[in-house]
Amino acid sequence: MSVGKNQPAPDEIPEALRDVTPVMEAKRTRFWLWLGSGVGLAVLGSIVGLYLWNENSKLSVASSPQEVETVTPKTEKKETAEAQTESSSTAATPPDLLGHLPYESAPKESLTPVTADGRIQLRTPAAQAFIKMQNEARREGISLVPLSGFRSIAQQEKLFFGVKAQRRQRTTERAEVSAPPGYSEHHTGYAIDIGDGKAPATHVETSFGETEAFAWLEENAARYSFELSFPENNAQGISYEPWHWRYVGNQESLEIFYKNQSK
């Protein structure tokens, strides 16, 4: 091997001098490795410390009585919702009695007579509509006779229990043709029993459904906002009453009859 003029050949460098550089390099390498490891551990320790501090802070906040939020398990939430739905469904069922729905009694000051003697009364809007309908029917040769209008709870009590005793009817049997007191549409002042003046034998009988008066009502009553309360096969299971009609020509009457059915 050739060397420069002023540089000694490797074989001429003393052994002590040739070992210095590798030893120093090794020490520096170990130093930097040690330093790097220490810094890495320090950074890792800082990250872990910050994480633990953050979690501890969350736990402390959640422990405060004013900030704690109760977490309901999904299954419990589902059961609660189902219970509420069932409760609402139960509450929506009207408290009927023997198939009849409850009705409040109309105030006396809300009533107007539909007969000359004042014996039969309806709430004023219903009374006015009935008289108009009655007059129109008369012009067409039909005699609509009012048989019963507003009834107080005391009157209904006599009608239900008194007639029941006279006819020796069972309670369920009587309820098929007459409502218990507090459960009659007649309490509202919006219901009326109608007969045919030309066929008095059919008054409050299913045979009224075969009269000219009933045929006229079927065709024209809706124009005056009257409807049959208990047609054949009605949802309440009440016996067919072709003579029993109710007025549904204002907001109050609609709410009384239709909200009562859907509660």
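This report describes confidence, a strand arrangement and one buried lysine in a predicted model.

**Confidence.** The chain has a mean pLDDT of 78, with 63% of its residues at 70 or more. Residues 1–5 stay under 50 in pLDDT, and the model gives them 1 contact beyond four places in sequence. Residues 85–93 are likewise below 50, and this stretch has 4 contacts beyond near neighbours in sequence.

**Strand S6 and its partners.** Strand S6 covers residues 244–247. Its pairings with S4 and S5 are listed below.

| Strand | Residues | Sense of pairing with S6 | Bridges | Partner of Trp 245 |
|---|---|---|---|---|
| S4 | 191–196 | antiparallel | 3 bridges | Ile 192 |
| S5 | 226–228 | antiparallel | 3 bridges | Leu 228 |

Trp 245 of S6 is thus the bridge partner of Ile 192 and also of Leu 228. The side chains of S6 point in two directions: His 244 and Arg 246 one way, Trp 245 and Tyr 247 the other. In a regular strand, side chains alternate between the two faces of the sheet. In S6, the residues pointing either way are all buried.

**Lys 164 in helix H5.** Lys 164 lies in helix H5, which spans residues 153–167. This lysine is buried yet forms no salt bridge. The nearest side chain of opposite charge belongs to Glu 173, 8.8 Å away, whereas a salt bridge requires a separation within 4 Å. Leaving aside residues up to four places away in sequence, Lys 164 touches Gln 169, Arg 170, Thr 171 and Arg 174.

Definitions and conventions. Residues are numbered from 1 along each chain as its sequence is written. This is a predicted model: local features need pLDDT of at least 70, side-chain atom pairs count only at pLDDT 80 or more; totals for chains, interfaces and linings use all residues. Side-chain values use heavy atoms; hydrogens and water are left out. Helices (H or I, at least four residues) and strands (E, at least two) are DSSP runs, numbered from the N terminus. Buried means under 20% relative accessible area, exposed over 50%, partly exposed in between (1.4 Å probe, protein chains only). Lys and Arg count as positive and Asp and Glu as negative; His and the chain ends are not counted. Contact means heavy atoms within 4.5 Å. Two strands pair if DSSP finds at least two bridges between them. pLDDT is the predictor's confidence in each residue, from 0 to 100.
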